[in-house]
Amino acid sequence: MRLEPNMEGRVILLPPYSGEEYRKNKPDYKTERKKIQEEAVNHPSVSDEFDEKKDKLEETEFFMGQRLELLDNDDSSRLHVARIQEIRGRRWRVKIQQEDCPTDLDSMLNESQTEKDGTFWVDEESVFVFPVGFAAINGYNIVAQDDYITHTEKIRDAIKAQQHPAYDPEDIQETMLRREAIPKNLWSRIEENQKLEFLDPLDAKQNELTVASVRKVCITHGYVIVSADGDDEETVPIHVMSGYIFPVGYAEKYGMKLKKPLNFRGRYAWNKYLAQEGAVSIPKELTKPVPSQERLDKFEVGAYLEASDMNDNTSIYPARIVSLHGRLVRVSYLGYESSDDAYFDIDSHSLFPIGFSEICNFKLQRPKVE
C-alpha cells in the first residue's frame, strides 16, 4: 500500500495502482499528491497479469483435509490433531475438529484453533506444524482419539525398526515439510541442558530473547524440546534451525534485551551463569547463521512491509522496520506504541512484502489512529 502523510501528521493508506508502485514506494508527496489520488481512483490496483501470478503463487502439494499435528497455542506442552481447511499461497487455515478430539471442544481454551472459531492461520514452515506421528515418536503429549494414537504408534514402531511406516493418504509426513537439513555428525553434538537464547514463538509480545535450555533431544532429526530457565514446565518442541534459537551472547552482541532466568538474582552474566549451572552453550553451528551482508542489505531501517500480529496470526498489519539486530529485525506496527514492537527473523513467514494481503485475499488491518 502507498503511505501518504496528511496535514495532521497521520498516515493514510491508498491502494497502489500497479506493481511498479510497490517497488518505488517513495513518491514526492508535496508535488504529486493530486496525481497519486487520481491514479488510485482511475487505475486498477493490480497489473493485468494478476490472476496468472496469483494462480502460480497458490500452487502447492498440500490439500484441504490433510491431517497434521498442531502445537496448542495456549498450552505448548501438548499437540492436537488438526486438518487443513483452506490454502492461500503458503498459508493454511487449520483447525482442530471434534471428530479428531476425544474431549469437548467447547471446554478448550484455544478457540482460534478449534472448530467453533476456526481462524488459525499457519505457514507451511510454521513452528506450530508437526508431521503425523511426531508426538508418538518423541514421547510428547497429544490430545487425540484412540484410533489415531494406535495409528501413530505403528508409525513410531516402524521407524524404530527401520521399516517404511504405513501412513494414511491424508497424513502429512515429515518428508513433506520443508526443514533445514542438519548433517548427522553435526547433530551428534547436541545435548540436553545446553544453554541458548530463545525467541519464544508463543510469547504474545515477542520483544526479547530469553535464557533457555535444551530439555530433550528428539528422535525426529533436527528437533529439540526447549524451555526458558526457571520455567521448566512450559516446554516448546522446535526445530533448531527454525530461526527462534540463538547461541549464547547473541543478545549482547546485537544490542537486544535478554530476559534472565526467573530464579536468578543479581546482575546477569553468561560466563557466571554457565559456571554456576555447569553447562555449555548450544553449538553455534547448530543455530541458524546470520545471512550474508548482501541479504541483510535488503532490509533497511524505515522500510515498509506487512506483518502478522503474533497475538492473532489471522491479522496482518502495515508495519515498518525500526532496527536491525543481526538476522533479526524489529518491526513496528503502524499507529501502535513501541511496546507493541516485535522481533522477526528476516526469513520469517510472518513478514510479507507490501501487497501480499491483497494478492492472497487477506484483510490488511488499518493502522491504529487515535
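Student: In this predicted model, how many of the residues of strand E3 (67–71) are buried?
Tutor: Let's take the strand one face at a time. Arg67, Glu69 and Leu71 lie on one side and are buried, and Leu68 and Leu70 on the other side are buried too. E3 is thus mostly covered, and the count of buried residues is 5 of 5.

Student: Which residue in E4 stands opposite Glu69?
Tutor: Start with the pairing: E3 and E4 run antiparallel and are joined by 5 bridges. The two strands form a hairpin, with 6 residues between them. Within this pair, the residue of E4 opposite Glu69 is Val81.

Student: And which residue in E7 stands opposite Glu69?
Tutor: E3 is also joined to strand E7 (residues 129–130), by 2 bridges, and these strands run antiparallel. In E7, the residue opposite Glu69 is Phe130.

Student: Let's turn to helix H5. How far apart are its end C-alpha atoms?
Tutor: A quick estimate helps here. H5 covers residues 146–160, which is 15 residues, and at 1.5 Å a residue it should span 21 Å. The model agrees with that estimate, as the end C-alpha atoms are apart by 21 Å.

Student: Why do the buried residues of H5 count as being on the same side, and what arc do they cover?
Tutor: The buried residues in question are Tyr148, His151, Thr152, Ile155 and Ala158. They sit on the same side of H5 because the arc they cover around the axis is only 115°.

Student: Which residues are exposed on the other side of H5?
Tutor: First, see what lies over the buried residues of H5: the cover includes strand E3, strand E4 (78–88), helix H4 (134–138) and strand E8 (141–143). On the other side of the helix, the exposed residues are Asp146, Lys154 and Lys160.

Student: Which residue with a positive phi follows H5?
Tutor: Look just past the end of the helix for a phi near 60°. The residue there is Gln162.

Student: Now the open sheet: which are its edge strands?
Tutor: The sheet has 5 strands in the order E18-E17-E16-E15-E19, with antiparallel pairing. An edge strand here pairs on one side only. That description fits strand E18 (342–345) and strand E19 (351–352).

Student: What is the bridge partner of Arg330 in E18?
Tutor: Strand E17 (residues 328–333) pairs with E18 in the antiparallel sense, over 4 bridges. In E18, the partner of Arg330 is Tyr343.

Student: Finally, what share of the chain's residues count as buried?
Tutor: For context, the chain comes to 10 helices and 19 strands. It exposes about 19200 Å², with 47% of that supplied by carbon and sulfur atoms. Of its 370 residues, the share that count as buried is 49%.

How values were computed:
Residues are numbered from 1 along each chain as its sequence is written. This is a predicted model: local features need pLDDT of at least 70, side-chain atom pairs count only at pLDDT 80 or more; totals for chains, interfaces and linings use all residues. Side-chain values use heavy atoms; hydrogens and water are left out. Two strands pair if DSSP finds at least two bridges between them. Buried means under 20% relative accessible area, exposed over 50%, partly exposed in between (1.4 Å probe, protein chains only). Accessible areas come from the Shrake-Rupley method with a 1.4 Å probe; for residues, only the protein chains shown count as cover. The expected span of a helix is 1.5 Å times one less than its number of residues. The arc is that of the directions from the helix axis to the C-beta atoms. Contact means heavy atoms within 4.5 Å.
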